[in-house]
Amino acid sequence: MDTLPWKHGGKMRFVVFVKQVPDTSAVCTDINGNLIREGVPSILNPYCESALNMACGVKKDGDVITAVSMGPPQAENALFRCLELGADEAFLLTDRAFAGADVHATVRTLSAFVKKFIPDYDLIFCGKQAADGDTAQVPAELAYMLGCGQFCYTQKLTLSGEWKAVQNYGSEVRECIIGKGDLLSVSDEEIGFRLPSAADYIRAAGIEIKKLNIADIGLDTFSVGLKGSKTKIVSATPSKVSRRGAVTDGSDPAKAAEHIRDAII
Amino acid sequence: MASDIRKAETGSPYLTDESKMVGSADNIIIPETEEDVIKITEEHFACGRPITISGMRTGMCGGCVPFGGDVLSTEKLNKVIGIGRDERGYYVRVQPAVTVRELNEVLRKKLYTDLTDITENAVGSLLGEGTDFFYPVDPTELNSSLGGNIAVNSSGPRTLKYGPTRNWVRRIRAVLADGCVMDIKRTDITAEGRMLRFRTSKGEREVPLPSYDYNMNVKNSTGIMAKDGMDMVDLFIGSEGIFGTVTEADLYIVPWHPLISNIFFFPNDSSAYLFVEKIQKSDINPEFLEYFDSGSLNLLRTAAEKDPNLNSMPGIPDGAGSAVFMDLPMDDTLMSNYRKIEILSKSNGGSLENSWCGHELRDREKFFGFRHSVPQIIFEYVAGLKGKVPKIHKMGTDMSVPLKNLGRMMTVYSKTLDRYGLEHVTFGHIGNGHLHVEIILKDMDNLTKAKEAYRELAIKAIRLGGSPSAEHGIGKIKREYVELMYGKKGTEEMKKTKEAMDPRWILCPGNMVEK
């Protein structure tokens, strides 16, 4: 791959894939334990917002950040949030045929979009997972389908001669050199939390969110949505986990620690 | 149902409020029903034993702090009862310990399953409306009880557009000092001149009202309401529990409309003030106008250094020496309002770039958290100081003046407090001529000076046509300002009203007037 402009900080094209999710912090249950969805606002997935913030953090004059979401028409609000926070353009992939997509059908749609509309992109940013689904599989499968490198659990991105991603696996922190066309998935919910300014709002309001349907992307109905999904849910039952409390005398810390160790190992 | 009765032990949270003033009582009594309240009140009335009414204890003047007798905590009277509708619109029937936050959650999430129809099919009709509804009085402290809001006629930032609590109360049900229940809606009982005449289950009552004219030109919660022909509902609103325990209220609600919250930063205190002046002369109609002076912003900066999660907001921009917070309607006026604001802010050293905005609920809540964290930091500071200086309590002004005199009053604040050598920060409802000046006390000497300074400021505010207590009420801490406002005559007349409503002075003794 041509890495010269890439390495030397030429004009960059960043793509950020985002999802609109219910604000899980605002969801509550009724006395029967059922979720109350009424009045729960939809928001830009917090991990996706962090991914966008990471892209904005490395953006220089002339670079372009494109925010992309697949979802119903109201997902426009999540894209508007991206524009307010610094994205330069936004695409909403919206079509009834996209509904019910599993990870595979979602990734097929997203990769088809990138290949057709932004084939010369430099980096893709994704949130680690969606706060409503928690599968955390889209970034990895998207990287696989695009044939690019994937850097999950990315916490930091720097450019100093090379682009480097700091990945935090919990037990291990790695710093890796990344290449043009690679994909980063961002694990923190609060990277560079910002608020737009009134000027940002006005700028965002002036940008048209482009809507693309299945024909625009060039896929057929059997490749996308429910029909293109490989996962079929036969039935769903709540899992039952039984928990048992145990109390130990804490007057001897060493014995208490042994007790905890024995209980969890 | 029987009330929960427990001993009031030293250090009990029921003996204090956000002022950090500490009182004493024998028992904490927690009724579960109105019948319990009646029984407790009758028993206390029979033996002349004082009761101090308490809600969520978020008051700032010691109104719920007991000085002897027992505390009656309304905390279990916390149900949203139902929805009704009359010619003015929808209203919600609540018990007194429902908080402002809880009421608005019920409305936003349409948690109507257990609500009753106060009027025919009102719940279904409200559900069928194509829009959300909300209770528009925002007392800043959203965990305050609605009963407490009624007790002090709470207002807060949105008074600029919606007025105080008084404007939203349709009906009140209250247990009087002798245990009789009054259930009155507006226009049921009005005064003949300055005399209220009404009947209870125990006979005819005559209650004389003070002869002063209650100042309605500014935000005002000093003293009881008094005017010719006044509605009896208004006697309870702002009366700080001295006439009865509110057990139910009907509060009007209004359709919600999308809003965008904005904080505009300015280089110094005067630039923000001048910006506000221009906004008020323009045709921009913000829902409220709130001010942060340089001291407030520095207080927030310092607190955020210690606790980065203080209010989940970004760092305050370097160079910001003041700020103005406003909500604007997200309708077809928004862009033209922004263009006008751009011009007005630029001429005072601000810009649209040097601002924050947010229209999603989660962001707007953060904006209000940011605003609320200024007094909260001071509450916590004073609470921390209590270990070293047990008798200290918070000293913050709550004075309002007519807008035309606000500039003069701001000069008086800084000159007076500087003369006393008292560190202070100024923030709050600049759009209503009502700023809060919080004095950062360090020791008892500071408190003594602060009380002297406060008295000077209160006299000045009254001379400028204002009120020494705009929204927090009087409680015990600010009682001396009642006489400053109404003179000896007015205070004595207020005592006569109290005497007629509560002849044994058992309800909330020490609030507003002393026997």
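**Figure 1. The second largest cavity, a small set of residues around an enclosed space.** B:Met60, B:Lys394, B:Gly396, B:His472, B:Ile477 and B:Lys478 line the second largest cavity. The model shown here and in the other views is a predicted one. About 60 Å³ of space lies inside this second cavity. By class, its lining residues split evenly into two nonpolar, two polar and two charged.

**Figure 2. The largest cavity and the residues around its centre.** How many cavities of 30 Å³ or more does a search of the whole structure find? The search finds two, and the view here is of the largest, which holds about 770 Å³ of space. Its lining takes in 49 residues, and those nearest the centre are B:Thr58, B:Gly59, B:Gly148, B:Asn149 and B:Val152. Polar residues number 24 in this lining, alongside 16 nonpolar and nine charged.

**Figure 3. Helices and strands of chain B in the lining of the largest cavity.** Two helices of chain B, α4 (146-152) and α10 (361-385), each supply at least two residues of this lining. The strands that do so are β3 (51-54), β13 (244-252), β20 (424-429) and β21 (434-439), also of chain B. Which element gives the most to the lining of the largest cavity? That is α4(B), with six residues.

**Figure 4. A salt bridge between two strands of chain B.** Strand β13 of chain B, already met in the lining of the largest cavity, holds B:Glu248. The side chain of B:Glu248 forms a salt bridge with that of B:Arg171, at 2.9 Å from N to O. Why does the pair tie together parts that are 77 residues apart in sequence? B:Glu248 lies in β13 while B:Arg171 lies in strand β9 (residues 169-176) of chain B, so their pairing links these separate stretches. Over all chains, the structure holds 60 salt bridges.

**Figure 5. The interface of chain B and chain A.** Here 27 residues of chain B meet 23 residues of chain A. The two chains bury about 2000 Å² between them, and 63% of this area is on carbon and sulfur atoms. On the chain B side, B:Lys109, B:Cys357 and B:Arg362 lose the most area to chain A, together accounting for 29% of what that side buries. As background for reading these values, interface size is often expressed as the accessible area lost when the parts come together.

**Figure 6. Salt bridges and polar contacts between chain B and chain A.** Three salt bridges are counted between the two chains. One pair of side chains that meets in a salt bridge is B:Arg362 with A:Glu49, at 3.2 Å from N to O. Seven residue pairs are in polar contact across the interface, with both residues at pLDDT 80 or more. Strands β15 (259-266) and β18 (355-358) and helices α9 (334-346) and α10 of chain B each supply at least two residues of the side that touches chain A. Of the elements on this side, α10(B) gives the most, with five residues. The chain B side divides into 14 nonpolar, four polar and nine charged residues.

**Figure 7. The second largest pocket, with chain A residues nearest its centre.** This pocket has a volume of about 1000 Å³. Its lining has 44 residues, and A:Lys19, A:Met70, A:Thr106, A:Ala130 and A:Asp132 lie nearest the centre. Chain A elements that give two or more residues are strands β1 (13-18), β2 (20-22), β6 (64-70) and β8 (123-127), together with helices α4 (103-117) and α5 (138-146). Helix α4(A) gives the most, with four residues. The classes here are 20 nonpolar, 16 polar and eight charged.

**Figure 8. Two loop residues of chain B with positive phi.** Most residues other than glycine have a negative phi. Where does B:Lys20 lie? B:Lys20 is in the loop between β1 (4-7) and β2 (27-30) of chain B, and its phi is near 70°, a positive value in a residue other than glycine. B:Asn121 also has a positive phi, near 55°. The loop that holds B:Asn121 runs between β7 (116-117) and α3 (122-128) of chain B.

Note on methods: Residues numbered from 1 in each chain as written. Chains lettered and ligands numbered in written order. Heavy atoms only, no water. 1 Å grid on protein atoms, 1.4 Å probe; cavity = no way out; pocket = protein on both sides within 12 Å on 5 of 7 lines; lining within 4 Å. Points joined across faces, edges and corners; volume = space filled by probe spheres on them. Nonpolar A, V, L, I, M, F, W, Y, C, P; charged D, E, K, R; others polar. Contact = heavy atoms within 4.5 Å. Buried area = accessible area lost by both parts, 1.4 Å probe. Salt bridge = Lys/Arg side-chain N within 4 Å of Asp/Glu carboxyl O. Polar contact = N/O pair within 3.5 Å; in protein donor to acceptor, adjacent residues only side chain to side chain.
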